[in-house]
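Biologist: I'm new to this one and would like to start small. Please pick a single part, take a close look at it with me, and then show me how you would read a few other spots.

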Amino acid sequence: MATKISAGPSDGAEPTDRSRALFARARAVMPSGYTRDLVAAQPHPQYADTAAGCWITDVDGNRRIDWVNNFASMIHGHGHPAILETIASQAARVMNAVLPSEWEVRLAELLVERIPSVDAVRFTNTGTEANALVTKAARAFTGKTKMAKMEGGYHGQFDLLEASFQPGTEAGGDPARPVAVAHNPGTPQSLLDELVVLPLNDIANARAILRAEADKLAGVILDPWRLQGGMVRPHQDFIAMLREECTRLGILLVFDEVVSLRTSHGGEQARIGITPDLTTMGKIIGGGLPIGAVGGRRDIMAVFEMERGAGKVKHSGTFTANPLSMATGYVAMEMLTPEVFDRLERQGDRLREGLARIHRDARLPGAITGDASFTTMMFTDRPCANYRDLATAMSDGLAERLQVSQGLLRDEGLFTLRGNFIGSTAMTDDDIDWTIAAAARALPPLGRA
Ligand SMILES: Cc1ncc(COP(=O)(O)O)c(C=O)c1O
């Protein structure tokens, strides 16, 4: 059960009603009461009060294990002493200024040393911004304008790359040759014309599209680890095909490692042994504060050089490389040694084994998938190799099972998102076992639903 503690600010609401009261106020001043769509919950969100380690407590005093970790960014969980100390001491030194800080240099050095494709770095404030910037870099370097992405891929909220994130299957057209579908109303067709959409894991068709579009394609972007929150995995031979074709056709291959950097010390590219031309990063490299980055081959990153003149990509930003994000990012990343990644993986395996047992015993559809610190409950027996397969599974009960399971888990003290458990170094084996025991209480009713 979510543990109750007496907590929460005193605002006159009943101790069990503070979130409800806050949501009523929120609805008066924010559309639907929210400022991030993905945190919406029924009948209202629970508002955070405090968090420590892997536990988070809402203003009504419900304490749960945080398996979301702010969309995978809080790899050390909450309130890690070294991170708190860094924030406090750096805030007292310089919080923000137009003078660069040593932390920026240190974090850039760390990324260059660790990530195989990264010879040089430019920082941004979010992953979205990193993907917008990498698009400019790819265009400037190649002199071409189009970008290609996988249908169903998420690369943040930049209007070009957000297209075809979750298109209706009819709007997406022929699965072998998907068309670009706007993610938001009013997106100009002229912009969509600059996006090429590839069917993930379909080597023959994706290859044919790349060859047909090569003259106009500046770059191909993909998350090498996952699509749609971990429910679909890119196959290694598909990524190898992209690498080969991009090299042959003069297209830049971009890995969006905003999330997948949490799979290993050198990111997913080190694990699979395929090196892109450019990499975008975010989330864990900020140690819990806002961040993004673009890194890559030195000759490509030269598009940012001041001496370049007319060919230079302009890049700045009020909060870019702010000392707080740079400092916490460096400290967080430095704590992530290869041994720490191994421990995250071992704990992930322990969780996956426990959940798989429950899954089997409760006769739930599908399987427990994932690796490293990321575990996904795939409540479908349909094989999902691409976005279309997943969309079919979603409308065939998967979406509902994910939603119901999230509620059941929440009632047992687990905070998860869409079937995902995203670990942190704050978790002990006891926390994993606590999670498995809670899931064993929560999930069986789903099998009977
Ligand atoms: C693969 C991927 N790329 C980019 C982004 C966007 O990052 P941000 O939310 O920092 O803009 C996300 C966010 O979840 C992501 O998962």
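Modeller: Let's start at the ligand, with Lys283: one of its polar side-chain atoms lies 2.7 Å from an oxygen atom of the ligand. Keep in mind that this is a predicted model. Thr128 makes a contact through its side chain too, with an N or O atom 2.7 Å from a ligand oxygen. Gly127 does it with its backbone instead, where an N or O atom is 2.9 Å from an oxygen atom of the ligand. As for how covered the ligand is, it would expose 390 Å² if taken alone, and the protein buries 82% of that.

Now step back to the whole shell. There are 13 residues around the ligand, and the ones that come nearest are Gly127, Thr128, Asp256, Val259 and Lys283. Sorted by class, the shell has six polar, four charged and three nonpolar residues. Helix 5, which runs over residues 127–142, supplies the largest share, three residues.

That's the pocket; next, a helix to practise on. Helix 1 covers residues 18–29, which makes 12 residues, and at 1.5 Å a residue it should span 16 Å; the C-alpha atoms at its ends are 17 Å apart, so the two values agree. Try colouring helix 1 by burial: Arg18, Ser19, Leu22, Phe23 and Ala26 are buried. Looking down the axis of helix 1, you'd find the buried residues within an arc of 125°, so they line one face of the helix. Turn to the other side of helix 1 and you meet Arg25, Arg27 and Ala28, which are exposed.

Loops are worth a look as well. Asp223 sits in the one between strand 8 (217–222) and helix 9 (236–249). Its relative accessibility is 11%, so Asp223 counts as buried, the cut-off being under 20%. The side chain of Asp223 has a polar atom 2.8 Å from the backbone nitrogen of Trp225, and it also reaches the backbone nitrogen of Arg226, at 3.2 Å.

One more loop, between helix 6 (159–162) and helix 7 (189–192), holds Thr187. With a relative accessible area of 16%, Thr187 is buried. For a sense of scale, go from Thr187 to Arg357: they are 170 residues apart along the chain, and 46 Å separates their C-alpha atoms.

Technical notes:
Residues numbered from 1 in each chain as written. Predicted model: local features only at pLDDT ≥ 70, side-chain atom pairs only at ≥ 80, totals over all residues. Heavy atoms only, no water. Near = heavy atom within 4 Å. Polar contact = N/O pair within 3.5 Å; in protein donor to acceptor, adjacent residues only side chain to side chain. Areas by Shrake-Rupley, 256 points an atom, 1.4 Å probe, with all protein chains shown as cover. Helix = DSSP H or I, 4+ residues; strand = E, 2+ residues; numbered from the N terminus. Nonpolar A, V, L, I, M, F, W, Y, C, P; charged D, E, K, R; others polar. Expected span 1.5 Å × (residues − 1). Buried < 20%, exposed > 50% of the residue type's maximum accessible area, 1.4 Å probe, protein only. Arc of directions from axis to C-beta.
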